[in-house]
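Got your viewer open and your selection box ready? Here's a short walk through one model, stop by stop.

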Amino acid sequence: MASHDPLRDLGVRAGEGGGELRVWSAHATAVEVCLFDHADANRIVATAPLSRDEHDVWAVRHPLLVPGARYSLRVRGEGERFDDRRNLLDPYARGLVRSPSGEWRSYVQDDAFDWCGAQKPRVPLDHTVIYEAHAKGISKLNPAVPEEFRGTYAGLAHETAIAQLKDLGVTTIQLLPVHQSVSEERLTKLGFSNYWGYNTLNFFTPHTEYASAAAQAGGTAAVLREFKGMVKLLHEAGLEVILDVVYNHTSEQGPGGPTTSFRGIDDASYYRQDADGNYIDVTGCGNSLDTSVPAVQRLILDSLRYWANEVQVDGFRFDLAATLGRNAAHEFDPEHPLLKAIVEDPQLQGVKMIAEPWDVGAGGWQTGNFPTGWMEWNDGYRDRMRDFWLSDIAAERHHGTASQGIGSMTRRFAGSAHVFSQERGPLASVNFITAHDGFTMADLTSYNRKHNLGNGEFNRDGTDNNHSFNHGWEGPTDDPEITTSRRKAMRNLLGTLLLSAGIPMITAGDEFGRSQRGNNNAYCHDDELSWLPWEHEEWQRDLFEISKKLLRLRRENPALRPVRFGKLGEKVPSASEMHWYNAAGAEMSIEDWDSPAQRVSQYLAASTPEHEEFNRILLVVQGRESEEFVCLPEHPGVSDYVLLWDSALDITGPDVHAPGSKVRMAPTSMQLFLAR
């Protein structure tokens, strides 16, 4: 950064003879740093006042601000939210420690680490397959991991965990929040913890409790080294790391919540408020960071730069990202300077940026409206695919007809061009059927309603809008007809997800049918309900093999992975040329698209390659609970169709069919062919 940058080098920069601390606050009248004894973080050994410049940056140099130093801020100002007796965290602290009394202290971090030449994998977007997992839960039950490393950063990077991810065929692991978080007082009183971690205390420090006991005993520097070691091992295996980040709110909650940092430093600047000082909460978490303030924008950018460059992570998924795009009037602006800076910043080039494109405030649903360079969770994709394979089937059983035709499903399967602009293309869409919040894929096929009594809120929490279908019985059953239908539904959902245009995201455990026993909001369960099981039944092992096969087919067939949207009458490079046929092998009519009685489509996609060999596939989708015979299309240049996968079968043979021949489609099934 150039020296004239007024917000340069915030936090502590250690150098010869000590270090410099720089803190931004527009409304403070005095700021003091307190330095604590290394052996007793309650005992102050020195204090020093900070001086203010014309840009509201407060600074001090001190010989004790060296790696290993514990420090806090005390801030004075007008108004009840300032209290210069309170020890506050530096927003830019790269390490945290607890005092004997349980208070948090900032820590001057030693960032030294030998990466041994490990490089970021830089997986191309069209080859990216995301695997959403919890840093603790992924290895807590892994019997191959030494007990002291289960549920830790080291356990996540254990050779057996890496081998499992590589065997499955995913490219990128997306971790639920790993910034230091704390549990809400309401939860701790109920005996729960915030397992998911969407309650951030500090944006620069890895969560201590996910480190091994040895690293925790070694202090915050050892925790950071273990985290970097995890990233290094994953990179050496060719796996990317994306962090789920929560820059929309902090753990300080509402005005009556704990004051640990931002509220005590400059409440009026850091949090969205009306003219009377009342919080404007568009996150549902008690507060919302005010990203219309340049210093708040800079805080987020500096945090991203730190994790992307110093810690070498490959990307970020932004929780409630619509909040970040709200302007001074608290309205979403797709041209918001922060949203633009995140994807245009020179220090963040090549970093994957994924938005959860909504929040709970007015005008908060913004799917498709983020700037070029962003990818977005596609909730419309999630809901329509669940509808097609689950709630529509329930409607057909109960009312004799599905609620909709196949058109809504196929639009999203082909890349959601009605949601994302031509310029952004299909890879702006992160497709998902499930995520950490909501039913698992197995539970989507097993429960019609949520079962969240174990969360301590009388089943009031969690969504009631699940788009699920239990196939005739609520919860576990040994009925073979029901279990067969459920398992085929899972195969259809996985097949849809992994063969669609866009970037697929698998929720950890869906590849083998993990259940949370109908709990669709397990955020407070740090137990076996949430942890990933490593011992599986035979049908689960079969499903894992099918998941592997689908991912292999995705890799081998670039026609399934278009980079751009096609244009009618043009040959667009890396944009699959798509043709749609009905069950009779004729081009689709309006009725074919929209009629709930039809629900059959043949999707013929040919690649327009720039970097791979030419490829053409045919995907046949049959969405009714009755057998159908489909006439394979007679398409110019196609001499035969080789069956690659049938969702109705556990094992698919390479059957060859001529154009114009009829194939049997089992009820509610998919077939993928190579078109030669």
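At what angle do the axes of helix α12 and helix α13 cross? Keep in mind as you look that this is a predicted model.

**Stop one: α12 and α13.** Select residues 480-499 for α12 and 538-556 for α13; their axes come within 10 Å and cross at roughly 20°. Angles under 35 degrees count as roughly parallel, and α12 and α13 are therefore roughly parallel to each other. The crossing is right-handed. Now show side chains: from α12, Arg487, Met490, Arg491, Leu494, Gly495, Leu497, Leu498 and Leu499 make the contact, and they meet Trp539, Leu543, Ile546, Ser547, Leu550, Leu551 and Arg554 of α13. Color by class and you'll get 10 nonpolar, two polar and three charged residues in this contact.

**Stop two: α9 and α12.** Keep α12 on screen and add α9, residues 379-399. How do α9 and α12 run, roughly parallel or roughly antiparallel? Their axes come within 10 Å and cross at roughly 150°, and over 145 degrees counts as roughly antiparallel, so that is how α9 and α12 run relative to each other. This crossing is right-handed. On the α9 side, pick Tyr381, Met385, Trp389, Leu390 and Arg397; on the α12 side, pick Ser485, Ala489, Asn492, Leu493, Thr496 and Leu497. That contact splits into seven nonpolar, three polar and one charged residues.

**Stop three: the cores.** In soluble globular proteins, nonpolar side chains tend to be buried together. Here the largest nonpolar core has 147 residues, and those with the most contacts inside it are Leu21, Tyr131, Phe227, Leu243, Phe316 and Phe318. Highlight helix α7, residues 294-310, too: with nine residues, α7 gives the most to this core. Then zoom in on Leu243. Leaving aside residues up to four places away in sequence, Leu243 touches Leu175, Val178, Phe227, Trp307, Val313, Gly315, Phe316 and Arg317. Apart from the largest core lies another one of 14 residues, among them Val630, Val638, Tyr641 and Ala675.

**Last stop: Leu73.** Jump to strand β7, residues 70-77, where Leu73 sits. Is Leu73 buried or exposed? Leu73 is buried, with a relative accessible area of 0%. Again skipping residues up to four places away in sequence, Leu73 touches Leu21, Val23, Glu32, Arg86, Asn87, Leu88, Leu89, Asp90, Pro91 and Ile265. To finish, draw a C-alpha to C-alpha distance from Leu73 to Glu628: the two are 71 Å apart in space and 555 residues apart in sequence.

Definitions and conventions: Residues are numbered from 1 along each chain as its sequence is written. This is a predicted model: local features need pLDDT of at least 70, side-chain atom pairs count only at pLDDT 80 or more; totals for chains, interfaces and linings use all residues. Side-chain values use heavy atoms; hydrogens and water are left out. Axes are lines fitted to C-alpha atoms, for helices over the stretch in contact, and angles run from 0 to 180 degrees between N-to-C directions. Helices (H or I, at least four residues) and strands (E, at least two) are DSSP runs, numbered from the N terminus. Angles under 35 degrees count as roughly parallel, over 145 as roughly antiparallel, 65 to 115 as roughly perpendicular and the rest as oblique. A crossing is left-handed if the near helix is turned anticlockwise from the far one by less than a right angle, and right-handed if clockwise. Contact means heavy atoms within 4.5 Å. Ala, Val, Leu, Ile, Met, Phe, Trp, Tyr, Cys and Pro count as nonpolar, Asp, Glu, Lys and Arg as charged, and the others, Gly among them, as polar. Buried means under 20% relative accessible area, exposed over 50%, partly exposed in between (1.4 Å probe, protein chains only). A nonpolar core is a set of buried Ala, Val, Leu, Ile, Met, Phe, Trp, Tyr and Cys residues joined through side-chain atoms within 4.5 Å.
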